[in-house]
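Please look over the sequence and the model below before reading on. The text then goes from the whole chain to single residues.

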Amino acid sequence: MEKEFNRKTKWWLLPLLALFLASCVNPWGTSAPSSSNEGSSAELGSSSASSSPAVATSSSIGVSSSSSSASAYGPSGFMYEKKDGDHLQVFALEMTGTFGDSTLFKYGDWEMLIDAGNPSSSGQVRDFLKEYVTDHELDVLLITHPHSDHFGGLVASGNRAEEGGVLTDAGIDKVDYIVDSGMTNGSQYDDCWIHGVREYWIAHGAQYCTAAQAVKDHLYDAVWKVTSDVSIQWLNTGTYGKKQSNLNNNSVCLNLRAGTYDFPMVGDAQDIEVDGIMNTYSRLLHPFIESGDTVVFKACHHGSGTADSGNSGAFMNYLEPSYGWASSGIIANNGAQEASTPSTQQHPYRNAVRAIAAKTGDENFYWNGTNGTIDMSLSEDFEGFAIGGEGRKYGYGYNIGGVLVSPESERNAPLLSTEWATTGAFIDGGGGSL
Ligand SMILES: [Ca+2]
Ligand SMILES: [Zn+2]
Ligand SMILES: [Zn+2]
């Protein structure tokens, strides 16, 4: 497969290289599709875009090596050169507001931010990026889909979207790759993201592609290699570029693999996309998870348990997760949520958590609502895994019988052993879509 691809690549390389030399134009500089093209499949095959990997030595990115990346968009070689002591860290950032999702993957000085939570979470996203992106270069920025609890946190009280938003606030001066769903969703999203933060960083050198472009011609091997041990595989759910009635089903889905650990990240995917993944990537024929791997799974759509949720028994049988977490803020009215006052907007849902925990065990499922930011880390040899929380620091807490539950008491507690789960706020999802 790899050989076959390389041969094909080299066949393409000759005329494209000639074209490049003749025009003396840096193709990366012109390859970022303009915002008016998102979602359009017509421009996916444009020669300027597909010529990019053939001459990617002109890219400023990382270590140039032989063709180890299969995707036509993205890096041609390894994105990063490992240094002694580098090990994978994954942070599910504490969220405020309803729903909310933001995850930072960090391997040495390589970082990927997936989503940025609600507008109310922008402060903690900024502080977090400032603390962890110490080389001031964010390697990959992914906005999974156009809902404000995923992109809203990009803009804080500081720099406006047109000035790079919270990334600028966090001291970041370079973004290497930007990926999104290619969707539009009204002025709020378009102004903040498409014509705001995204446009700013593209103008400052970021290479942009949609999910449809990331998987184009590479259904089973749309892989961006970070190092020989760490990689991103973009998963084609069949919905990219095709607006779904619920934009959750336009979420960009990927698997981050580190050693023998897999982190499938599917945004707010619901049943349509999850079915697409299971139908396309048979565990037997076209696996993105090798058998024997350890799967660490972020629950679909904040741990929704509605009838159209992706957190189904079938998906759990497919993934066989060993660890799991859900991302959402604790919803608060008048300062603090009373745990005995359930809200249908409060995720995760009990039935979804039960379905996932049936695989992981109750002791291996976490929630950033009670834990605060969840820290996950692999040892340098990718053999050891640790998970725990930092304790709630932002937003509201929650009460039991009018008494605030201390963040410290539940800092490292699995969700099902928290007071939240055992005192009444934890409800089952019904039919319909929330
Ligand atoms: Ca970096
Ligand atoms: Zn969401
Ligand atoms: Zn959503």
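What follows covers the overall fold, the nonpolar core and one loop residue.

The model is predicted. Its chain has 13 helices and 18 strands. Of the 434 residues in the chain, 53% are buried. Among contacts in the chain with a separation of 6 or more, 71% are between residues 24 or more positions apart.

The nonpolar core comes next. In soluble globular proteins, nonpolar side chains tend to be buried together. In this chain, the largest nonpolar core holds 112 residues, and the members touching the most other members are Leu154, Val166, Val179, Val353 and Ile356. Helix H7, which spans residues 186–203, supplies the largest share of this core, with 7 residues. Val353 can be followed further: leaving aside residues up to four places away in sequence, Val353 touches Gly303, Ala326, Pro348, Phe365, Leu415 and Leu416.

The last stop is Arg411, in the loop that runs between strand E18 (403–404) and helix H13 (419–422). Is this residue buried or partly exposed? Arg411 counts as partly exposed because it has 15 C-beta neighbours inside 10 Å, whereas a buried residue would need 20 or more and an exposed one would have 12 or fewer. With residues up to four places away in sequence again left out, Arg411 touches Asn371, Gly372, Gly389, Glu390 and Gly391. Arg392 is 19 residues from Arg411 in sequence, and the C-alpha atoms of Arg411 and Arg392 are 7.3 Å apart.

Conventions
Residues numbered from 1 in each chain as written. Chains lettered and ligands numbered in written order. Predicted model: local features only at pLDDT ≥ 70, side-chain atom pairs only at ≥ 80, totals over all residues. Core = buried A, V, L, I, M, F, W, Y, C linked by C-beta atoms within 7 Å. Helix = DSSP H or I, 4+ residues; strand = E, 2+ residues; numbered from the N terminus. Contact = placed C-beta atoms within 7 Å.
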